[in-house]
Amino acid sequence: MITPAVRARVENLGTHELPCYLYDTSGLRDHVAAVRAALPRRVELYYAAKANPAPEILAALAGLVDGCEVSSGGELAHVRRRLPGTALAFGGPGKTEAELADALRLGVARFHVESRHELHLLAALAARVAPGRDVDVLLRVNLPLGPGVLRGAALAMGGDPSPFGLDPDGVESCLDVFAGPDAGRLRVRGIHAHLASGLDAETQVDVGARIVAWTRALANRRRVELREVNIGGGMAVDYANPTERFDWRAFGAGLARILADDPALVLRIEPGRALTAYCGWYATEVLDVKHSHGEAFAVLRGGTHHLRTPAAKQHDQPFTVVPTATAWPHPWPRPELHEAPVTLTGQLCTPKDVFARRKPVHVLRAGDRIAFAMAGAYAWNISHHDFLMHPHPTFRQV
Ligand SMILES: Cc1ncc(COP(=O)(O)O)c(C=O)c1O
């Protein structure tokens with residue numbers, strides 16, 4: 001699974017560079033180009049920057065995505081600076097007045113409005129900050145889809161009570177605002193929905209078709225134009241089976257069927273994880289190998305304060321052992337194990353600091369290197385970096 005280029009880079013990193021995040025940015029570009037090619041032309045591909053806003057990741061995506069979805073003032077300013085020409089959609093709950101005002105000044109392409117209060121706030125600010133300019137809005141809906149529709153979801157945000165988006169009747173009430181004088185230059189362009197993460201292609205198409213059908217029915221009933229539908233992200237990434245990939249071709253074919261029914265429809269998606277997860281590696285070294293009450297543990301330099309993904313998602317992070325060629329420099333025996341299951345932990349003083357549990361290895365020795373795969377999304381940027389004041393990792397490109 002590890003590519004020869006990544007393996008060589010892991011072998012050649014200096015000890016002082018470990019732990020190290022390695023980003024295979026040319027692999028990322030190839031992957032996203034293949035995703036783009038699998039999608040119909042009329043589908044706009046936005047990148048959810050929350051998955052990984054690292055400058056080198058954003059730079060690699062330049063020209064391959066139609067825009068970025070940002071969910072805070074920080075992401076907004078950062079992505080605008082790094083990708084100045086890229087269209088931005090500003091989503092997320094609890095946008096502050098200052099964030100909305102900045103977004104208006106920066107001229108974001110779409111506001112994903114999450115509540116009626118936010119709509120009023122945006123309208124009032126727009127009149128002050130961006131007078132005379134149209135401001136384009138999608139209303140984010142928390143659409144109940146019925147039992148079993150979001151099957152297999154790793155995280156479901158749709159249908160259940162949540163702080164995200166508007167209930168269908170809340171969407172209707174926002175349409176009333178657009179119909180009245182309070183909306184000013186705000187224009188409702190359509191609907192946004194991000195209802196779950198971890199869905200396979202067939203389920204994503206089914207969910208997308210339901211969101212589009214609901215939007216069409218609403219537009220007809222209310223006699224408003226709702227041409228744009230953003231069906232969100234959440235394309236599945238399977239950490240237990242790294243070679244099983246989301247079926248972008250099947251997804252693209254399904255979206256083509258949805259588009260065929262409605263020549264005026266603009267469909268947009270905003271995946272994060274499924275775009276960048278595979279391009280990132282967290283490389284580190286084995287500090288110690290020990291046994292505790294009959295089980296083997298390898299303690300690694302670094303920990304889940306750098307790579308929180310396995311702790312956050314309660315999974316085993318896939319990894320490859322990269323043996324070191326250098327001789328053991330000490331006069332005492334090298335800690336090692338052979339043909340045994342081992343739990344890989346970090347340096348934190350908590351039993352939750354675990355990368356992978358009871359995984360079989362052929363040989364593992366202190367000083368060997370470990371390359372954790374699938375560390376390109378929700379990895380460094382979701383981690384509690386400063387807990388215990390260990391040094392931060394380095395960042396390199398393959
Ligand atoms: C509104 C919204 N859009 C897109 C995404 C990206 O989801 P994923 O990284 O699972 O594709 C998220 C993730 O939480 C989200 O909240």
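## Helix α5 and its surroundings

The buried residues of α5 (97-106) are covered by a set of elements that includes α4 (73-82), β4 (87-90), β5 (110-113), α6 (116-129) and β6 (135-140). Bear in mind as you look at this that the model is predicted. On α5 itself, the buried residues are Glu 99, Leu 100, Ala 101, Ala 103 and Leu 104. An α-helix makes a turn every 3.6 residues, so residues three or four places apart point the same way. Once the helix is over, Gly 107 comes just after α5 and has a positive phi of about 70°.

Take Ala 101 as a sample from this helix. Its relative accessibility is 7%, and because buried means under 20%, Ala 101 counts as buried. What does Ala 101 touch, leaving aside its neighbours within four places in sequence? Its contacts are Leu 125 and Val 129. Gly 132 is 31 residues away from Ala 101 in sequence, and the two C-alpha atoms are 15 Å apart in space.

## Arg 140 in strand β6

Strand β6, one of the elements covering α5, is also where you'll find Arg 140. Is Arg 140 buried or exposed? Arg 140 counts as buried, at 7% relative accessibility. Beyond its neighbours within four places in sequence, Arg 140 is in contact with Val 113, Glu 114, Met 157, Phe 164, Gly 165, Leu 166, His 192 and His 194. Keep Met 157 and His 194 in mind for the next part, as both are among the contacts of Arg 140.

## The largest pocket and the largest cavity

The largest pocket has a volume of about 660 Å³. It is lined by 34 residues, and the closest to its centre are Lys 50, Leu 155, Met 157, His 194 and Tyr 378. Helices α10 (273-276) and α11 (309-313) each put at least two residues into this lining. Which element gives the most to it? That's α11, with three residues. Sorted by class, the pocket lining comes to 14 nonpolar, 13 polar and seven charged residues.

As for closed space, there is one cavity of 30 Å³ or more in the structure, and the largest cavity holds about 40 Å³. The residues lining the largest cavity are His 194, Leu 195, Ala 196, Leu 199, Gln 204, Val 207, Ile 231 and Gly 233. Five of the cavity-lining residues are nonpolar, three are polar and none is charged. His 194 turns up in several places: it is in contact with Arg 140, it is among the residues closest to the centre of the largest pocket, and it helps line the largest cavity.

## Aromatic pairs and stacked arginines

Across the whole structure there are 14 aromatic pairs. Why does the pair of Trp 380 and Phe 395 count as edge-to-face? The ring centres are 5.5 Å apart and the planes sit at 70°, and the cut-off for edge-to-face is over 60 degrees, so the pair falls in that class. This pair links distant parts of the chain, 15 residues apart: Trp 380 belongs to the loop between β17 (369-372) and β18 (394-397), and Phe 395 to strand β18. Trp 380 is buried, with a relative accessible area of 16%, whereas Phe 395 is partly exposed at 30%. Both belong to a cluster linked by ring pairs, along with Tyr 21, Tyr 23, Tyr 282, Phe 319, Phe 355 and Phe 372.

Two arginines are worth a look here too. Arg 245 lies over the face of Tyr 278, 3.5 Å from the ring centre. Arg 268 lies over the face of Tyr 46, at 5.3 Å from the ring centre.

## Backbone oddities

Most peptide bonds are trans, and most residues other than glycine have a negative phi. Leu 18 and Pro 19, however, are joined by a cis peptide bond, with omega at about -10°. Pro 19 is in the loop between α1 (4-12) and β1 (20-23).

Arg 358 isn't a glycine, yet its phi is positive, at about 50°. This residue lies in strand β16 (354-365) and is exposed, with a relative accessible area of 53%. Leu 388 also has a positive phi, near 75°. Leu 388 is in the loop between β17 and β18 and counts as partly exposed, at 36% relative accessibility.

Key. Residues are numbered from 1 along each chain as its sequence is written. This is a predicted model: local features need pLDDT of at least 70, side-chain atom pairs count only at pLDDT 80 or more; totals for chains, interfaces and linings use all residues. Side-chain values use heavy atoms; hydrogens and water are left out. Rings of Phe, Tyr and Trp (its six-membered ring) pair if their centres lie within 6.5 Å; planes under 30 degrees apart count as stacked, over 60 as edge-to-face and the rest as tilted. Helices (H or I, at least four residues) and strands (E, at least two) are DSSP runs, numbered from the N terminus. Buried means under 20% relative accessible area, exposed over 50%, partly exposed in between (1.4 Å probe, protein chains only). A charge sits over a ring if NZ of Lys or CZ of Arg is within 6 Å of the ring centre and within 35 degrees of the ring normal. Contact means heavy atoms within 4.5 Å. On a 1 Å grid over the protein atoms alone, a cavity is a set of points where a 1.4 Å probe fits but cannot get out, and a pocket is an open set with protein on both sides within 12 Å along at least five of seven lines; lining residues have an atom within 4 Å of a point. Grid points are joined across faces, edges and corners, and a volume is the space filled by probe spheres set on the points. Ala, Val, Leu, Ile, Met, Phe, Trp, Tyr, Cys and Pro count as nonpolar, Asp, Glu, Lys and Arg as charged, and the others, Gly among them, as polar.
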